Amino acid sequence: MDKNIQRGLNDRLYEKRKAAALELEKLIKDLIKSGDSNKINEIISKLSRDFAYAVHQPNSRNGGLIGLAATAIALGQHEVPKYLEKIIHPVLACFGDQDARVRYYACESLYNISKVAKGEILLYFNEIFDNLCKLTADSEVSVKKGADLLDRLIKDIVAEKATTYVSVLNVKKPEDYKELKSTVEKPNGKTIQVNEPQSPLAFSLPKFIILLKERIYVMNPYVRMFLVSWIRLLDSISDLDLIYYLPTFLSGLIQFLSDGHDDVKVATHSLLDLLLQEIENINEIKKILQESKKENTTNKLTLDNESGSSVKVDHPIQRIVEGNYIHGQDINLDFPEIIHILISHLDSSKEEIQIVVLSWLATLLKISPLSFIPLIPDILSILLSIVAHEGTSRESAIQLNLELMKLIEGHEIEGDDKSLNISQIVKVLTLNSLNDKEQTRLAALDWLIMLNDKCFEEVLSNNNETISVHLLRAMSDPSEKVIDKVLQLLANIANRGNDKYFESFMIDLLQLFKSDRLLLESRGNFILRTLCISLSPEMIYSSLAKVLENEPDLGFISIMVQMLNNNLITAPELTKLRHNLNLKSNMNESEEDWNLFKRLFKSWSHNPPALLSLCMLCQSYQLAFGILETFTENELTVSLMVQIDILVQLLESPVFAKLRMQLLSPESNPYLYRCLYGILMLLPQSTAFHTLKTRLDSVSNINNLPIPSNRRNSEAKIESRIEEKLELLEIFKSIQQKHEEYRLSELNKKEPEIMTLANYQNFL
């Protein structure tokens, strides 16, 4: 290279460098004419080594850049491919220079080289793209403008040649092509022609995806806009099928929605909508092709007319699939991976991201529902929390949750099908049933109820203890809606489970009440009544009575019996149980009813007033009087007197209407009168005393009325069990002896309360 040209390229002034570049351009053209390629290589090496790579010498680098650009221009489109490898790398090296002018001139140089090289520049697309990423965020405005111009040119080249251009360096000459090989398949005699593989394209999308995967997590808003614009461009080139690589960049793209710049969010929203629409289009194409196969569509569908001739019919499917390739028909998207990526962003703190992710999930659920089934636990662990959010995402989350429930409810579980992990789903749901948000708890319980109905054995196989513990904890929930669903679920489980599980559940329930007395006081009645709606009251009371027999805490037994007895007498849900226990009036009394009474009697013996009311409810008045006689054998406590007071009030309720009517037959019910007068004698002259006295006084003259000769002996059946009732009375006495010993032991621990009429009336 002439020394004057070298001196000009090293000059500080741009005009002199430009003039030297023009001289260099003429020199290169002369060398091309003479065919001296060695000399050209030497000049390019000189420009690279002594100029472009001259670090910390901005004038030399600028001269090298303009010289390399001039060389490329002189070489022209046909010759530049041979030397492009040596020309482009020194230029790319200058993009990282500290001097902003060098970076700008590097953009200008590569712009001119690209205009000449055109499709050949795609061989170095990744390197160019990587440098443009950095220059987009450059602090110097002039550099950013230069990078923008270069970016537009590269985009034009990619849009035009990415899917078609093959480098001239890779194109084989005609003499390199071999003759077509033919082979004959022996079994069927078919002939197959085997051609030489096509030369690779200059632009490689798989290689670019690797780079994009690294750059997609950048934080700079300018680079994000740059990446969005390129993804949009590449997606618009139909033959590239960028959508196939969606899982590699979707996660980073979604994070763009958290950017603080509105233009980035708007552009990302638009791109994501475009990608989702493309997925829907691909799905529609596949549906159409499946329909065409089912209908055995050929080039033209035919119908036979009345004359028997064939008529060609133009069918909408036929118009699409008419033997031509449809873009998208061979694209197989990795839906499970896409869904997994979306789930990872579902718990984002940005509601805008949540809304977009929910929209994508809802759409993909319609397209590929089976892809969701293995991922249900992961989705629910986040989705159920969003259901309780206050923002816009809540409605979308609720709708998606309902659609997922329908999917699982309709999914048939086969023997070897392990895609639906019931055990993991139940663990997620039980944890969410204790969530702070009411809506989340309700949604989780809805899922558990549905799964229990669908696959009861799978739900309980590995989660028996887990479900019971969590559901029992949920019974202390402040929301009655939640407790109602918990009890509904527990009732369903108990109904479909075995007796051992039911008894275990009752034990756990009593332990919960024992450990949480506040729950027993505030929600005990509600829990018991709700269970009686879904389950057999006889089963519940019988099981609880059996469990209470083995309870060591006598005080807790007394409290539980009082609660159970109050509900037995007043709850409308227990009407049938009351009827079955009405031993005297029940003409169809069975051994089961009597055994139930005996079982309740043993537990009710821990609370004498409750036992008294039970016997009166069952119209076993002789046994009731025997119990009443024992009341004076021990000290009368305030608690006992209060319960007797309550019993008097209950005797005025509709439940004991039958008892009040029996007062009209004193000769048939002598022990009823003795019971009522015995209660009257125990009570101080309080409101309850006067209430009961008024009731008895109203029938005091009944003995003066004539007695029908055909009166019924209603005590016959009771007399037949007199021995058994005496045994029950002895059981009661022994249990009361234990309570008296327990009471005395408790009194030794604190100063005893002396019960007088005055303090009892004050207590009332």
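**Figure 1. Tyr105 is a buried ring, at 18% relative accessibility.** Buried means under 20% relative accessible area, exposed over 50%, and partly exposed in between (1.4 Å probe, protein chains only). The model is predicted: local features need pLDDT of at least 70, side-chain atom pairs count only at pLDDT 80 or more, and totals for chains, interfaces and linings use all residues. Numbering starts from 1 along each chain as its sequence is written; side-chain values use heavy atoms, leaving out hydrogens and water. Tyr14 is partly exposed, with a relative accessibility of 29%.

**Figure 2. Tyr14 and Tyr105 belong to a structure with 15 aromatic pairs.** The Tyr14 and Tyr105 ring centres are 5.8 Å apart, and the planes meet at 5°, so this pair is stacked. Rings of Phe, Tyr and Trp (its six-membered ring) pair if their centres lie within 6.5 Å; planes under 30 degrees apart are stacked, over 60 edge-to-face, the rest tilted. Tyr14 is in helix α2 (residues 14-34) and Tyr105 in helix α5 (residues 100-117), so the pair ties together parts 91 residues apart in sequence.

**Figure 3. Phe129 and Trp230 form an edge-to-face aromatic pair.** The centre-to-centre distance is 5.7 Å, with 80° between the planes. Phe129 lies in helix α6 (residues 125-136), whereas Trp230 lies in helix α9 (residues 221-236), so the pair ties together parts 101 residues apart in sequence. Phe129 is buried, at 1% relative accessibility. Trp230 is buried as well, at 1%. Phe129 and Trp230 also sit in a cluster linked by ring pairs, together with Phe125, Phe203, Phe208 and Phe226.

**Figure 4. Arg17 and Lys144 each place a charge over a tyrosine ring.** The charged end of Arg17 sits over the Tyr105 ring, 5.5 Å from its centre. Lys144 lies over the face of Tyr222, and here the distance to the ring centre is 3.7 Å. The test takes NZ of Lys or CZ of Arg within 6 Å of the ring centre and within 35 degrees of the ring normal.

**Figure 5. Leu150 is a buried residue of helix α7.** Its relative accessibility is 0%. Leu150 touches Phe95, Cys107, Leu110, Tyr111, Ser114 and Leu132, not counting residues up to four places away in sequence. Contact means heavy atoms within 4.5 Å. One of these partners, Ser114, is 36 residues from Leu150 along the chain. The C-alpha atoms of Leu150 and Ser114 are separated by 8.6 Å.

**Figure 6. Glu25, in helix α2, is buried.** This glutamate has a relative accessible area of 16%. Glu25 touches Ala70, Ile73 and Ala74, with residues up to four places away in sequence not counted.

**Figure 7. Leu169 is an exposed loop residue.** Its loop runs between α7 (141-161) and β1 (181-184). Leu169 has a relative accessible area of 52%.

**Figure 8. The whole protein has 36 helices and four strands.** Helices (H or I, at least four residues) and strands (E, at least two) are DSSP runs, numbered from the N terminus. The protein has 764 residues, and 49% of them are buried. Among contacts with a separation of 6 or more, 72% join residues 24 or more positions apart.
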